[in-house]
Amino acid sequence: MYKYEIIIYWDAQDKCYIADVPELPGCKAHGGSYDKALSKAKEAIALWLDTAKEFGDSIPKPKGHRLLYA
């Protein structure tokens, strides 16, 4: 299991949930439900990491911080 932060939000224009993984540039997913977006984000993280390993790119360590809400 990966410990990267995943931010999930509703996109009214596209009418779907967007899952963004800010620590992995370009790593995003979407789904018709919150759970589907989360599941797709986990797949996207695995693919992102596999691709980085394949090309010898550096892989950022998860920051492990919490979001603060104001």
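**Exercise 1. The sheet**

Determine in which order the three strands of the open sheet are arranged, and in which sense they pair.

*Solution.* The three strands of this predicted model make up an open sheet with the order S1-S2-S3, and their pairing is antiparallel. Strand S1 (7-11) and strand S3 (28-31) are the edge strands, since each pairs on one side only. Averaged over neighbouring strands and with direction ignored, the turn of one strand against the next is 25 degrees.

The next step is to examine each pairing. S1 and strand S2 (residues 16-20) are antiparallel partners over five bridges. Within this pairing, Tyr9 stands opposite Ile18 in S2. On the other side, S2 and S3 also run antiparallel and are joined by four bridges. There, Ala19 has Ala29 in S3 opposite to it.

**Exercise 2. The helix and the faces of S3**

Establish which strands helix H1 touches, and which residues of S3 lie on its covered face and which on its uncovered face.

*Solution.* Begin with the pairing of S1 and S2 over five bridges. Helix H1 (residues 34-55) packs on the sheet that contains them, and touches S1, S2 and S3. The direction of H1 makes about 150 degrees with that of S3.

Then consider the side chains. In a regular strand, these alternate between the two faces of the sheet. In S3, Ala29 and Gly31 belong to the covered face, whereas Lys28 and His30 belong to the uncovered one.

**Exercise 3. The aromatic pairs**

State how many aromatic pairs the structure holds, and classify the pair of Trp10 and Tyr17 by its geometry.

*Solution.* The structure holds two aromatic pairs. In the first to be examined, the ring centres of Trp10 and Tyr17 are 4.9 Å apart and the planes stand at 70 degrees; the pair is therefore edge-to-face, given that angles over 60 degrees fall in that class.

The second pair consists of Tyr17 and Tyr34 and is likewise edge-to-face, with 6.1 Å from centre to centre and 80 degrees between the planes. This pair links distant parts of the chain: Tyr17 lies in strand S2 and Tyr34 in helix H1, 17 residues apart. Taken together, the ring pairs link Trp10, Tyr17 and Tyr34 into a cluster.

**Exercise 4. Accessibility of the cluster**

Why does Trp10 count as partly exposed? Assign Tyr17 and Tyr34 to a class as well.

*Solution.* The cut-offs needed are under 20% for buried and over 50% for exposed, with partly exposed in between. Trp10 has a relative accessibility of 44%, so this residue is partly exposed. Tyr17, with a relative accessible area of 25%, is partly exposed. Tyr34, at 43%, is therefore partly exposed too.

**Exercise 5. The chain as a whole**

Describe the pattern that the chain follows along the sequence, and what share of its 70 residues is buried.

*Solution.* The secondary structure consists of one helix and three strands, which follow the pattern β-β-β-α along the sequence. Of the 70 residues in the chain, 29% are buried. The chain exposes about 5,400 Å², of which carbon and sulfur atoms supply 54%. Among contacts with a separation of 6 or more, 31% involve residues 24 or more positions apart. Along the principal axes, the C-alpha atoms fill a box of roughly 35 × 25 × 20 Å.

Terms used:
Residues numbered from 1 in each chain as written. Heavy atoms only, no water. Pairing = 2+ DSSP bridges. Helix = DSSP H or I, 4+ residues; strand = E, 2+ residues; numbered from the N terminus. Axes fitted to C-alpha atoms, helices over the stretch in contact; angles between N-to-C directions. Contact = heavy atoms within 4.5 Å. Phe/Tyr/Trp six-rings, centres within 6.5 Å; stacked < 30°, edge-to-face > 60°. Buried < 20%, exposed > 50% of the residue type's maximum accessible area, 1.4 Å probe, protein only. Areas by Shrake-Rupley, 256 points an atom, 1.4 Å probe, with all protein chains shown as cover.
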